[in-house]
Structures are given as C-alpha cells and as structure tokens.
Amino acid sequence: MKRIGFSDRVMISIIYIALILLSFSALYPFWNSLVVSLNVGIDTSKGGIVFWPREFTLENYKIILGDDKLLNGFAVSIARTVVGTISAIIMTSMLAYGMSKSHLMGRKFYMIFFVFTMYFGGGLIPTFLLIRSLGMMNTFAVFIIPALISVWNMIIFRTFFKSLPVGLEESAQIDGCSIWGIYIRIILPLSGPVIATLSLFTAVAHWNDWFLPSIYITDRELIPIQTILRETLNANIVTDMVGVMDTASVTNMQRSQQFTSKSLTMAMMMVVTLPIIAVYPFLQKYFVKGVMIGSLKE
C-alpha cells in the first residue's frame, strides 16, 4: 500500500476543512431557523439564540397548525404538487418519446422550435393576457396547464429513450404490441430513475413557486402556502393570521405572550420546508443515475 506523503495529507486536510465549512454555511441558517421556531418568541427577541433553544416551546407550531388559512394553503400546495407533477411527467415523457424517433417527419424543426422557447419568451404581460383570455384566472388549471411541458426535462427524457436498445421495441412490435403498449408496458417501466429524478425536480418547482399565484390568483381559497409565507415575510406581521383564529385562542396567546412575528414566521418556514425535504431520501438512490442521463452524448 502506497504511503501518503505529507503534502498529500495537508491537501486532504484542507479539502476536508473546506467541505466542513461549506456544509456548515449551508446547514446553519436552516438549523438556526428551526431553533428560533422552537424558542419562546419574547425570549428570542432578546437575541443570543444561536445553536439551541433557550426557552423551549411548541406554541409557535400550535398556532401555525391551528390556522385554517394556512391549512387551506397546504391543501392547495399539496394538490398542485401532486397533480402538476404527475401530469407534467406524463405529457413531457410522451412528447420526448415521439421526439426520440429518428423517422419522425420534421423532427429537427420541432426540436429547434422547442429549444427556442428555452431562451426566448413572450414576457410577463403577454403571458398574463394569454392566461386571462383562456379563462384560467383564479382557477386551479393555471397551476397545471402552463407547466405541462418542460423542454429541459423533455431533452433528458429524449436522451434516455434514445439510449434504450432498439431491439426492445422491435421485439414488442413483432409480438403485436401497439405504440401505446410499447410506451406504457416497456418504456415507462424502464425509465424509473429518470422519472424519479425529474419528478422530484418538478415537485420542488411546484411546491416552491409563489410568484405565479401572486399574479394570476386573487381568490384566497386558491392561494398556496408559499405565497402565504411570502406575504407574511414581506409584511413581517401576523395580524391576518391571528385574525382568522377564534377569540379564545387569541386571548390565551396574548396572555401567554410566547410568540412574536419572527418566531411564527420561522415556524411557518419549517412547516413549509420539511415536507418537500422529507421526499428526498426516498428518491436519493435514483439521483446519480437519473442526473447522469442528461450528460450522455447522443
């Protein structure tokens, strides 16, 4: 076994230290937000909360989880993420499957047309006018239809489909399988890693999006949780949130004086962030293979 020299050990130590510092800088803001959300709000306003709660409490989370407006926002976000992810993956994979066929007439023109949209768009005002003319203002469809096709995801799907052996489809056709049968019974089951990876990317994009609802949605029943969080952060107050709660709860909270705007905001951030983070461990094993698909050269 080759012995590691002094210079190599120094370099390895520097790399480890740099990675530790980088990881700390990335994780600490999240950890500090969690700590603040678990600390008594009035005590947090005194400062000095760094690594651990000074006066532990779950009152902030009780307030957040007891707010009907926030619970409705969660329901909208969950519905949007689930429906939007499934529909986008189905439509994008279908388009990519067709684009992967070399005998498709006008394939190069279609590809140029799709890639063009990645670099040039109509802009916010034309898009707003289009959405309004289609009657999608203040409807759930505005979350789903504009995001049905992702050109970037289509290219990744297309690259993966082109890497599959041609003999698979030829054998299926000989056995009498239709194009839809090949796509559903053969192509999709073999596309597990890329579907899992792109599903996570799509789900995160739907879950974290606050801008689209702020433009196209005015009905409070259709406002997702991220837009509510954004409004709370901008206003830096929780008057509206407390206002929708019953009088007894408000009286008890005012009596206890355990919460502040900052502590409630941090608790809301944790509640909003944790669900999408919890999905990652279940899809982590597909990440390396799924992400590498996009780097394969045709």
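# A walk through a helical chain

Glycine 73 is found in helix H4, and in this predicted model that residue makes a convenient place to begin. At 0% relative accessibility, glycine 73 counts as buried, because buried means under 20% relative accessible area. Leaving aside the neighbours within four places in sequence, glycine 73 is in contact with Ile223, Pro224, Ile225 and Ile228. A further link across the sequence can be given as a distance, since glycine 73 and arginine 220 are 147 residues apart in sequence and yet 8.8 Å apart in space, taken from C-alpha to C-alpha.

With that starting point in mind, the reader can step back to the chain as a whole. It has 298 residues, of which 38% count as buried, and its secondary structure consists of 17 helices and zero strands. When contacts between residues at least 6 apart in sequence are considered, 74% of them join residues at least 24 apart. The accessible surface of the chain comes to about 17900 Å², and carbon and sulfur atoms account for 69% of that area.

From the surface the path leads to the interior. The largest nonpolar core holds 29 residues, and within this core Ile64, Val142, Phe143 and Val272 touch the most other members. The elements that give two or more residues to this core are helix H3 (59-65), helix H4 (68-99), helix H7 (141-144), helix H11 (192-208), helix H12 (211-216), helix H13 (225-235) and helix H16 (261-283). Among these, H16 gives the most, with seven residues. Valine 272, leaving aside neighbours within four places in sequence, is in contact with Phe74, Trp207, Ile225, Gln226 and Leu229. There is also a second, separate core of 19 residues, which includes Met99, Phe114, Ile187 and Val194.

Two of the residues that valine 272 touches, Phe74 and Trp207, bring the reader to the aromatic rings. A pair of aromatic rings is described by the distance of the centres and the angle of the planes. The count of such pairs in this structure comes to 17. Phenylalanine 74 and tryptophan 207 form a tilted pair, with 6.3 Å from centre to centre and 45 degrees between the planes. This pair links distant parts of the chain, with phenylalanine 74 in helix H4 and tryptophan 207 in helix H11, 133 residues apart, and both residues are buried.

Phenylalanine 109 and phenylalanine 113, in turn, form a stacked pair, with 6.5 Å from centre to centre and 25 degrees between the planes. Because they are four residues apart in helix H5 (residues 107-119), phenylalanine 109 and phenylalanine 113 are separated by about one helical turn. At 55% relative accessibility, phenylalanine 109 counts as exposed, while phenylalanine 113, with a relative accessible area of 48%, is partly exposed. Elsewhere, ring pairs link Tyr97, Phe157, Phe160, Phe161, Trp180 and Tyr183 into a cluster.

The empty spaces come next. Rolling a probe the size of a water molecule over the atoms shows where empty space is left. A search of the whole structure finds one cavity of 30 Å³ or more, and about 40 Å³ of space lies in the largest cavity. The residues that line the largest cavity are Ala88, Ile89, Thr92, Ala147, Leu148, Ile149, Ser150, Asn153, Phe157 and Thr202. The elements giving two or more residues to this lining are H4 and helix H8 (151-163), and the largest share, three residues, comes from H4.

About 910 Å³ of space lies in the largest pocket. This pocket is lined by 31 residues, of which Ile145, Pro146, Ala147, Leu148 and Ile149 lie nearest its centre. Two or more lining residues come from each of H4, H5, helix H6 (124-133), H8, H11 and H12, and H6 gives the most to the lining of the largest pocket, with five residues.

One more residue completes the tour. Threonine 227 has its place in helix H13, and with a relative accessible area of 1% this threonine is buried. Not counting residues up to four places away in sequence, threonine 227 touches Asp209, Trp210, Pro213 and Ser214.

Terms used:
Residues are numbered from 1 along each chain as its sequence is written. This is a predicted model: local features need pLDDT of at least 70, side-chain atom pairs count only at pLDDT 80 or more; totals for chains, interfaces and linings use all residues. Side-chain values use heavy atoms; hydrogens and water are left out. Buried means under 20% relative accessible area, exposed over 50%, partly exposed in between (1.4 Å probe, protein chains only). Contact means heavy atoms within 4.5 Å. Accessible areas come from the Shrake-Rupley method with a 1.4 Å probe; for residues, only the protein chains shown count as cover. A nonpolar core is a set of buried Ala, Val, Leu, Ile, Met, Phe, Trp, Tyr and Cys residues joined through side-chain atoms within 4.5 Å. Rings of Phe, Tyr and Trp (its six-membered ring) pair if their centres lie within 6.5 Å; planes under 30 degrees apart count as stacked, over 60 as edge-to-face and the rest as tilted. On a 1 Å grid over the protein atoms alone, a cavity is a set of points where a 1.4 Å probe fits but cannot get out, and a pocket is an open set with protein on both sides within 12 Å along at least five of seven lines; lining residues have an atom within 4 Å of a point. Grid points are joined across faces, edges and corners, and a volume is the space filled by probe spheres set on the points.
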